[in-house]
Every structure is written in C-alpha cells, then in structure tokens.
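Let's take a walk through a protein model, from the overall layout down to single side chains. Have the sequence and the 3D view open as you read.

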Amino acid sequence: MRITDALRICASTARLQRTQWRSATQIRAYQRARLARILAFSAEHVPHYRHLDIAAEPEHPEDWLARFPILSKSDLQIADGSLIPDHTSRSRLHQSRTSGSTGEPTVSYFDHSTWLLCKYALKLRRMLNCGLGFRSRVLIVSEADEHRLRAERQAVLPGQGRFFLQAYLSLHAPVDEHFRELERLRPDAIYAFPSY
C-alpha cells in the first residue's frame, strides 16, 4: 500500500471520529445532501437507472429515492455492467465478494477512494470505538482462498505491525490450523462471520 493511501486512511478515520459528535439535525442534513448527490449521479451516469428516466427531485431526496426500484440479490447478479457508471473501467475497480453462504455469491465494485474508506478507515474506526488500540491483535477469518489471502496480507498498512497486529485465516482452512493460529496470536478480537 502506498504511503499516500495510508495518509488518506488516517485522515478519513479522523474525520469519521469527529462525526460522532454531530447533532442529530446535522447528521440528517448531511445524509439528505449525500442522498441527493448519489441519486443525481445514478440517474445521470448509471445505465441501469438512466434508462428509467426518473424525474429529479433534489429538494426531497426521500421522495426521489422511492422512485428508484428496489434491487434484489438476483438483480445485482444479472445486471452485469449496467450498474457501473459510464466511462468507468471495471478493471480499475476493486472487488469485494460475499461469502456465498446462501449459495449465491455477489460481487460489489468500489472505486479506489471508496475502497480505502470501506476496507480500512471504517474498520479502523470500529476497532478504536470497540476499545481496540495500540498493539491490539485481531484475527480476520475470510471466505477467501489462500491465493486471495496472500494478496490481502500484502495490502496491509505501512507500519501496521507496530500499531495493531492482524492475522488472516481462510474459512476453508482445516480446523487444526484455526486452533494453532488462535493459540499463536491470542487475539483481542476476532473479525469473522457470525456462524464462525
């Protein structure tokens, strides 16, 4: 991971930490403004929504949202590229795949800044707010196979080992391996699926 990404993650985490002190009125106003921006962008730049010709109502984003169809999991799976904005190459987006515990895995796509926010800053904020701090040990149990886990291990933050420790295990690894890792790491927290 680049040092610029690490700095963006730190800045995002600090900004997220400050938002918890906003009033309910400030939070609602921020949510409404962001919702209006997202709906306007979707109606103009996302093929799946653009062809529906949904009339804009930025002053009342909640009413505007009601005109957008609800997407089911199967809708997401068959949409292919129609949910990716115009002039956005899928090859430049980050992917996140659900575990497929229902038998139907789904892939979500993120641009780089959203990926840093969702995969790092939000998780870092969650760790801090759950009382995990300096040198905390976290075991992450992932649905990824060993090949994907290697990539995740390489994408850690610079200096991560000095601030907090993470170990990754595949959900598909033998149970004995899980016990060995639990005994070795002695984690302060386990980040995993509820069924785990």
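What follows starts with the whole chain, then moves to the sheet, the helices, the loops and the charged pairs.

First, some ground rules. This is a predicted model, so local features need pLDDT of at least 70, side-chain atom pairs count only at pLDDT 80 or more, and totals for chains, interfaces and linings use all residues. Residues are numbered from 1 along each chain as its sequence is written, and side-chain values use heavy atoms, with hydrogens and water left out.

Now the big picture. The protein has nine helices and five strands; these are DSSP runs numbered from the N terminus, with helices being H or I of at least four residues and strands being E of at least two. Reading from the N terminus, the elements go α-α-α-α-α-β-β-α-β-α-α-β-α-β. The C-alpha trace spans about 60 × 40 × 30 Å along its principal axes. Of the 196 residues, 27% count as buried, where buried means under 20% relative accessible area, exposed means over 50%, and partly exposed is in between (1.4 Å probe, protein chains only). The protein exposes about 13200 Å², and carbon and sulfur atoms supply 56% of that; the areas come from the Shrake-Rupley method with a 1.4 Å probe, and for residues only the protein chains shown count as cover. As for contacts (heavy atoms within 4.5 Å), residues 24 or more positions apart account for 63% of those with a separation of 6 or more.

Next, find the open sheet of three strands, with the order 4-3-5 and parallel pairing. Its edge strands are strand 4 (164-170) and strand 5, each pairing on one side only. Two strands pair if DSSP finds at least two bridges between them, and seven bridges join strand 3 (residues 136-142) to strand 4. Along that seam, Ser136 stands opposite Phe164, and Ile140 stands opposite Tyr168. Strand 4 is mostly covered, with five of its seven residues buried. Helix 9 (residues 175-185) lies across strand 3, strand 4 and strand 5, and runs at about 175 degrees to strand 4. For that angle, axes are lines fitted to C-alpha atoms, for helices over the stretch in contact, and angles run from 0 to 180 degrees between N-to-C directions.

Just past the sheet is Tyr196, in the segment after strand 5 (189-191). Tyr196 is partly exposed, at 37% relative accessible area, and together with Leu171 and Ile190 makes a nonpolar surface patch of about 260 Å². Patches are made of residues with over 30% relative accessible area and no salt bridge; like charges are joined within 9 Å, and nonpolar side chains (Val, Leu, Ile, Met, Phe, Trp, Tyr) within 5 Å.

Over to the helices. Thr13 is in helix 1 (residues 3-19) and is buried, with a relative accessible area of 6%. What does Thr13 contact, leaving aside its neighbours within four places in sequence? Ala121, Leu124, Arg125 and Leu128. In helix 2 (residues 24-45) you'll find Ala36, also buried, at 13%. Not counting residues up to four places away in sequence, Ala36 touches Pro58, Pro61 and Trp64.

Two loop residues have a positive phi without being glycines: Asp53, at about 55 degrees, and His87, at about 60 degrees. Asp53 is in the loop between helix 3 (47-50) and helix 4 (61-65) and is exposed, at 69%. His87 lies in the loop between helix 5 (73-78) and strand 1 (94-97) and is exposed too, at 86%.

Last stop, the charged pairs. Side chains of opposite charge can pair when their charged atoms come close. A salt bridge here is a side-chain nitrogen of Lys or Arg within 4 Å of a carboxyl oxygen of Asp or Glu, and the count comes to five. One of them joins Glu62 to Arg32, with the closest N and O atoms 2.8 Å apart. That pair links distant parts of the chain, with Glu62 in helix 4 and Arg32 in helix 2, 30 residues apart. Another is formed by Asp86 and Arg50 (2.4 Å, N to O). Asp86 lies in the loop between helix 5 and strand 1 and Arg50 in helix 3, so this pair ties together parts that are 36 residues apart in sequence.
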